[in-house]
Amino acid sequence: MSLVVLAEEGEGYNPPGSGDFKLPPIIENLEWFTKPYLMALISVVILVAFFYFAARKPKMVPSRLQFAGEGIYGFVRRDLARDIIGSAEFMKFLPLIFSLFIFIALNNVFGIIPFIQFPTMSLIGFPIALTLIVWIVYNWVGIRRQGPIGYFKNMMFPPGVPSWVYILLAPLELVSTVFVRPLTLSLRLFANMFAGHLLLIVFILGGEYMLLEGEGIVKVLSIGAFAMGIVMTFFELLVQVLQAYIFALLTALYIAGAMSEEH
Amino acid sequence: MEGTLNAVGYGLAAIGPGIGVGLIFAAYIQGVARQPEARSVLQPIAFLGFALAEALALFGLVLAFVL
């Protein structure tokens, strides 16, 4: 969009950058109420409505909606929660893991749905908020389960290692579990969505510029840029669902790790 | 030519994780090909390794924009 404005003003090609992620507020004087904020709210409404209607009248022979809802729920329950946390205690954490998965998946897929086309998670604040919940939960579970001293002792001094290695291992394990885990968890989601959205606007806006401003052969070559943009859109769908899966998977792994006595 | 060296730096930083992700999925495919019933066990391990290796490349990407 910014490119069209620039082209009309007669300036040169302006490559897309991180500035394209700063969106103006929808209502004037409400600085925080931007498009991604609205999208996050809408996604919650969509998800609640979808799963409410999917689970409202369960039948022995499921309707299409019930089948879709049960398919997603069954996948998270079976492959993410039960296989990793263990069949004894996974039900306590299933609501968290399932909510994270569907919320992140829908907000990511917003990135390629026509007319929305902005992944909510490409703004660092949203992944940080989600990661904060996960961080509190797995540390809280670890402290509840093993006691505050036992939790840090099991974390920093895993058994079966020569004692002189602990000089190196103990601080590394502490930093890794308490600081690096939340950092990588939020940055992974953010950077994937940021890079994916940037990739798409590079191809689409580049193609648009070639078509509108180019001469002769350059106009024809813009077809290549648009084709690449379409291919990348489908690739993004894969990445977006995969990132939601990885976020939920890592949440389950961290919780499972905090519950078990040794790693 | 215009631009910043950040893009070149990011390209260099992506070599290591690229090789790493390739090795992880090569091992995963081999494992499933040899023993198809191990697929459900290997899948979360493969994706966990993929996510950890990929994180390095993403740090590079973030730094390319931040610096």
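**Exercise 1. The extent of chain B**

Compare the radius of gyration of chain B with that of a compact globule of 67 residues.

*Solution.* A compact globule of 67 residues would have a radius of gyration near 11 Å, whereas chain B has 16 Å. The model under study is a predicted one. As a next step, consider the box filled by the C-alpha atoms of chain B: taken along the principal axes, it is roughly 50 × 20 × 10 Å. Finally, consider burial: 10% of the 67 residues in chain B are buried.

**Exercise 2. The helices of chain B**

State how many helices and strands chain B has, and determine how α1(B) is oriented relative to α3(B).

*Solution.* Begin with the inventory: chain B has three helices and zero strands, and its pattern along the sequence reads α-α-α. Next, take the geometry of two of these elements. Helix α1 of chain B covers residues 5-13 and helix α3 of chain B covers residues 39-66; their axes come within 9 Å and cross at roughly 175°. An angle over 145 degrees counts as roughly antiparallel, and therefore α1(B) is roughly antiparallel to α3(B).

The residues that meet can then be listed by helix:

- From α1(B): N6(B), A7(B), G9(B), Y10(B) and A13(B).
- From α3(B): A57(B), G60(B), L61(B) and A64(B).

Sorted by class, this contact of α1(B) with α3(B) comprises six nonpolar residues, three polar residues and no charged residues.

As a last step, consider sequence separation throughout the chain. Of the contacts in chain B between residues at least 6 apart in sequence, 73% join residues at least 24 apart.

**Exercise 3. The architecture of chain A**

Describe the secondary structure of chain A, and explain why chain A is considered more spread out than a compact globule.

*Solution.* Chain A contains eight helices and zero strands, in the order α-α-α-α-α-α-α-α along the sequence. For 263 residues the globule rule gives 18 Å; the radius of gyration of chain A is 23 Å, well over that value, so chain A is more spread out than a compact globule. The C-alpha trace of chain A spans about 70 × 60 × 40 Å along its principal axes. With regard to burial, 31% of the 263 residues in chain A are buried. With regard to contacts with a separation of 6 or more, 64% of those in chain A are between residues 24 or more positions apart.

**Exercise 4. The surroundings of P127(A)**

Decide whether P127(A) is buried or exposed, and identify the residues in contact with it beyond its neighbours within four places in sequence.

*Solution.* First locate the residue: P127(A) is found in helix α5 of chain A, which covers residues 125-146. Then apply the cut-off for burial, which is 20 or more other C-beta atoms within 10 Å. P127(A) has 26 C-beta neighbours inside 10 Å and therefore counts as buried. Once neighbours within four places in sequence are set aside, P127(A) is in contact with M121(A), S186(A), L189(A) and F190(A). One of these pairs may be examined further: P127(A) and F190(A) are 63 residues apart in sequence, while their C-alpha atoms are 6.3 Å apart in space.

**Exercise 5. The contact between the chains**

Determine how many residues each chain gives to the contact, and which element gives the largest share of the side of chain A that touches chain B.

*Solution.* The contact takes twelve residues from chain A and eleven residues from chain B. On the side of chain A that touches chain B, the elements giving two or more residues are α7 (166-213) and α8 (217-259) of chain A. The largest share of this side comes from α7(A), with six residues. By class, the side of chain A that touches chain B has eight nonpolar, three polar and one charged residues.

Methods. Residues are numbered from 1 along each chain as its sequence is written. Chains are lettered from A and ligands numbered from 1 in the order in which they are written. This is a predicted model: local features need pLDDT of at least 70, side-chain atom pairs count only at pLDDT 80 or more; totals for chains, interfaces and linings use all residues. Two residues are in contact if their C-beta atoms, placed from the backbone, lie within 7 Å. Helices (H or I, at least four residues) and strands (E, at least two) are DSSP runs, numbered from the N terminus. Ala, Val, Leu, Ile, Met, Phe, Trp, Tyr, Cys and Pro count as nonpolar, Asp, Glu, Lys and Arg as charged, and the others, Gly among them, as polar. The radius of gyration is taken over C-alpha atoms; the globule rule is 2.2 Å times the number of residues to the power 0.38. A residue is buried if 20 or more other C-beta atoms lie within 10 Å of its own, exposed if 12 or fewer, and partly exposed in between; C-beta atoms are placed from the backbone. Axes are lines fitted to C-alpha atoms, for helices over the stretch in contact, and angles run from 0 to 180 degrees between N-to-C directions. Angles under 35 degrees count as roughly parallel, over 145 as roughly antiparallel, 65 to 115 as roughly perpendicular and the rest as oblique.
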